[in-house]
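Here is a short note for a colleague who is new to this structure. Please read the points below with the model open beside you.

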Amino acid sequence: MDFANLSPYMKPVNVSWHPEFDDHELMLEIKHPSGLRAFISFHRFFFHPCLDRLSTLGGTRFCDYLTEYDAITDVLRLSRAMTYKAALAGINFGGAKAVVMGKPEDRDRPISQEMQKILSVYAEYLNLLDGGFVTAEDMNFHEKYLTFMRRLTRWAAGEGKEAGGTGDPARHTAHGVYLGIKSGLSELYGERKTLANFSIAIQGVGGVGLALAKLLQADGAILYLAETKDAQIERARQALGSVLIMSPKKIHTLPVAVYSPCAMGAVLNENTIHELSCSVVAGGANNQLDTPENGELLHKRGILYAPDYVINAGGLMSVAREFDPLSTDRNSAPENLALIPQNLSRIWSMSKEKDIPPNVVADEIAEELIAEKLRERNSKVL
């Protein structure tokens, strides 16, 4: 594709020098006079039979990154995880991700005129890519943005249900994490019908974290919450009633059954892992391990880890249905949500048998599936 002819404000960027580079197939940089500053990272393209083209799917993250290097680091890691997530979720999209640099707006306020301009331009670029990248919600990129963009492009998923979309996928991500938590506790303590009297610490009560907290509370769990944004803490109190709010810097140290990271990534590092007092780590955040080697530290400590791209795949499963003509009831939970606890059980069983960390097992399984998808892609393209 000749990007120079598509737009003078979008160009490929060579990021092979970056430590997070994993033979990513393409990185695009967009710098537009409207104020749109974005990177779109394509890790692997898969052939999508319904769209009859090579395509990827991944959320757009809106974040006030300190530097472009930080943005590139984040988008490279996130796009790679999307490919692995897509493979284990059994969908036909490859993995990609976009990050938009800027100060996020309040999710509860109307979209500003400045943001409307940025979203309109962004939709135009999705149209130029013609299905090569389909985007959905991610951190600070809300359902209302997708509803706005869907009038301008078909390559946005997760618009509001009132507009005919699947709605915010956070509830489906949370549902998958909830199933994964139950599966993890059953792995350690035998089959669990409810989560009554199990203590669970949730770090981050944004879209996924709050939806997860509601499910866990309804199932009898004892909750501890941490959040850096006052507005989200207040939203959690209104939704959950009296809840225990902890310091974000200490939430991981609590003596609980489950520590559930549901905010930023890289929260599991050499320091925090040694401070954990939980039996299970299972959360909705992406890229929870600061480095892959940190999975070995968890394993040595005997803490059961649910690989993030396995347990948080519910939202991806949800938005992928918008491009599946056989999918009917798009407001219900995805039909393949049961894959999440099934995948986790398989991963934990192999981890125990081989005495290797669950994240390593998950990567091995995903890489086999990715290789199969790439063989299929090559046969279609040739």
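**Notes on helix packing and aromatic pairs**

1. Start with helices α3 and α4. In α3, the residues M115, Q116, L119, S120, Y122, A123 and L126 meet Y145, F148 and M149 of α4. Keep in mind that this is a predicted model.

2. Now the geometry of that contact. Helix α3 covers residues 113-129 and helix α4 covers residues 143-150. Their axes come within 9 Å and cross at roughly 60°. That makes α3 oblique to α4, because angles under 35 degrees count as roughly parallel and 65 to 115 as roughly perpendicular. The crossing of α3 past α4 is right-handed.

3. Turn to a second helix pair. Helix α6 (residues 207-218) packs with helix α7 (residues 230-240). The angle is about 25°, and the axes are 11 Å apart. The two helices, α6 and α7, are therefore roughly parallel to each other. Here too the handedness can be given: α6 passes α7 in a right-handed crossing.

4. Which residues of α6 and α7 meet? On the α6 side they are L210, A213, K214 and Q217. On the α7 side they are R235, A236, A239 and L240.

5. Next, the aromatic rings. How many aromatic pairs does a search of the whole structure find? The search finds nine. One of them joins F42 and F45. Their ring centres are 5.2 Å apart and their planes lie at 15°, so this pair is stacked. F42 and F45 are both buried.

6. F42 and F45 also belong to a cluster. Ring pairs link these two residues with F133.

7. Look next at Y84 and Y309. These two form an aromatic pair of the edge-to-face kind. The distance is 5.6 Å centre to centre, with 70° between the planes. Y84 lies in helix α2 (residues 68-89), and Y309 lies in helix α10 (residues 308-311), so the pair ties together parts that are 225 residues apart in sequence. Are Y84 and Y309 buried or exposed? Both are buried.

8. Y84 has a further partner. The charged end of R80 sits over the ring of Y84. It lies 4.3 Å from the centre of that ring. Y84 thus appears in two places in this note: in the edge-to-face pair with Y309, and under the charged end of R80.

Key: Residues are numbered from 1 along each chain as its sequence is written. This is a predicted model: local features need pLDDT of at least 70, side-chain atom pairs count only at pLDDT 80 or more; totals for chains, interfaces and linings use all residues. Side-chain values use heavy atoms; hydrogens and water are left out. Rings of Phe, Tyr and Trp (its six-membered ring) pair if their centres lie within 6.5 Å; planes under 30 degrees apart count as stacked, over 60 as edge-to-face and the rest as tilted. Buried means under 20% relative accessible area, exposed over 50%, partly exposed in between (1.4 Å probe, protein chains only). Helices (H or I, at least four residues) and strands (E, at least two) are DSSP runs, numbered from the N terminus. A charge sits over a ring if NZ of Lys or CZ of Arg is within 6 Å of the ring centre and within 35 degrees of the ring normal. Axes are lines fitted to C-alpha atoms, for helices over the stretch in contact, and angles run from 0 to 180 degrees between N-to-C directions. Angles under 35 degrees count as roughly parallel, over 145 as roughly antiparallel, 65 to 115 as roughly perpendicular and the rest as oblique. A crossing is left-handed if the near helix is turned anticlockwise from the far one by less than a right angle, and right-handed if clockwise. Contact means heavy atoms within 4.5 Å.
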